[in-house]
Amino acid sequence: MPRIHIDATECIGCGACEELCPGVFRIRDDAVSELLVEDVTDLPCAQEAIDTCPVECLHWE
Ligand code: SF4
């Protein structure tokens, strides 16, 4: 299953990934996105989040 890498140093905590794909991403209390799952099964919404991230800090591994 595909995995996603989050570049935590680039994330600005905008919340778009969580809004688009709440089963995969969650914004931590310190305003950095984290993954809720290791293996991503909902590929369309994860791809939408990757494409939407304003600082392009989400990438498939
Ligand atoms: S969309 Fe990108 S910048 Fe915004 S919270 Fe998610 S990972 Fe961070």
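# Exercises: salt bridges, cysteines and a ligand

Glutamate 34 is partly exposed, with a relative accessible area of 24%. Keep in mind that this is a predicted model. Let us work through it together.

**Exercise 1. Find the salt-bridge partner of glutamate 34, and decide how exposed that partner is.**

Step 1. Look for a side-chain nitrogen of Lys or Arg within 4 Å of a carboxyl oxygen of glutamate 34. Arginine 26 supplies it, and the N to O distance is 2.8 Å.

Step 2. Check the accessibility of the partner. Arginine 26 has a relative accessible area of 34%. Partly exposed covers the range between the buried limit, under 20%, and the exposed limit, over 50%, and arginine 26 is partly exposed.

**Exercise 2. Work out which parts of the chain the salt bridge of arginine 3 ties together.**

Step 1. Identify the pair. The side chain of arginine 3 meets that of aspartate 39 in a salt bridge, at 3.1 Å from N to O.

Step 2. Place both residues. Arginine 3 belongs to the segment before strand 1 (4–6), while aspartate 39 is in the loop between strand 3 (33–35) and helix 2 (43–52), so the bridge ties together parts 36 residues apart in sequence.

Step 3. Add the surface view. Arginine 3 is partly exposed at 35% relative accessible area, and aspartate 39 is partly exposed at 32%.

**Exercise 3. Describe the bridge between aspartate 30 and arginine 28, then name the residues that shared partners join into one network.**

Step 1. The side chains of aspartate 30 and arginine 28 form a salt bridge with an N to O distance of 2.8 Å.

Step 2. Aspartate 30 counts as partly exposed at 48% relative accessibility, and arginine 28 counts as partly exposed at 30%.

Step 3. For the network, look for salt bridges with partners in common: they join Arg3, Glu38 and Asp39.

Step 4. Check your tally against the whole structure, where a search finds 4 salt bridges.

**Exercise 4. Decide which cysteines form a disulfide, and where cysteine 57 stands.**

Step 1. Apply the cut-off: two cysteine sulfur atoms within 2.5 Å. Cysteine 21 and cysteine 45 form a disulfide, with their sulfur atoms 1.8 Å apart. The count comes to 1 disulfide.

Step 2. Find the handedness. The torsion about the S-S bond is about 45 degrees, so the disulfide of cysteine 21 and cysteine 45 is right-handed.

Step 3. See what is linked. Cysteine 21 lies in the loop between helix 1 (16–20) and strand 2 (25–27), and cysteine 45 in helix 2, so distant parts of the chain, 24 residues apart, are linked. Both cysteine 21 and cysteine 45 are buried.

Step 4. Turn to cysteine 53, which is buried with a relative accessible area of 12%. Its sulfur is the nearest cysteine sulfur to that of cysteine 57, at 3.7 Å, and cysteine 57 is in no disulfide. Cysteine 57 is buried too, with a relative accessible area of 2%.

**Exercise 5. Locate the ligand and classify the residues around it.**

Step 1. The ligand sits in the largest cavity.

Step 2. Around the ligand there are 14 residues, the closest being Cys11, Cys14, Gly15, Cys17 and Cys53.

Step 3. Sorted by class, this shell holds 11 nonpolar and 3 polar residues, with no charged ones.

**Exercise 6. Place isoleucine 12 in the fold and decide whether it is buried or exposed.**

Step 1. Isoleucine 12 is found in the loop between strand 1 and helix 1.

Step 2. At 54% relative accessibility, isoleucine 12 counts as exposed.

How values were computed. Residues are numbered from 1 along each chain as its sequence is written. This is a predicted model: local features need pLDDT of at least 70, side-chain atom pairs count only at pLDDT 80 or more; totals for chains, interfaces and linings use all residues. Side-chain values use heavy atoms; hydrogens and water are left out. Helices (H or I, at least four residues) and strands (E, at least two) are DSSP runs, numbered from the N terminus. Buried means under 20% relative accessible area, exposed over 50%, partly exposed in between (1.4 Å probe, protein chains only). A residue is near a molecule or strand if one of its heavy atoms lies within 4 Å of it. On a 1 Å grid over the protein atoms alone, a cavity is a set of points where a 1.4 Å probe fits but cannot get out, and a pocket is an open set with protein on both sides within 12 Å along at least five of seven lines; lining residues have an atom within 4 Å of a point. A molecule sits in a cavity or pocket if more than half of its atoms lie within 2 Å of its grid points. Ala, Val, Leu, Ile, Met, Phe, Trp, Tyr, Cys and Pro count as nonpolar, Asp, Glu, Lys and Arg as charged, and the others, Gly among them, as polar.
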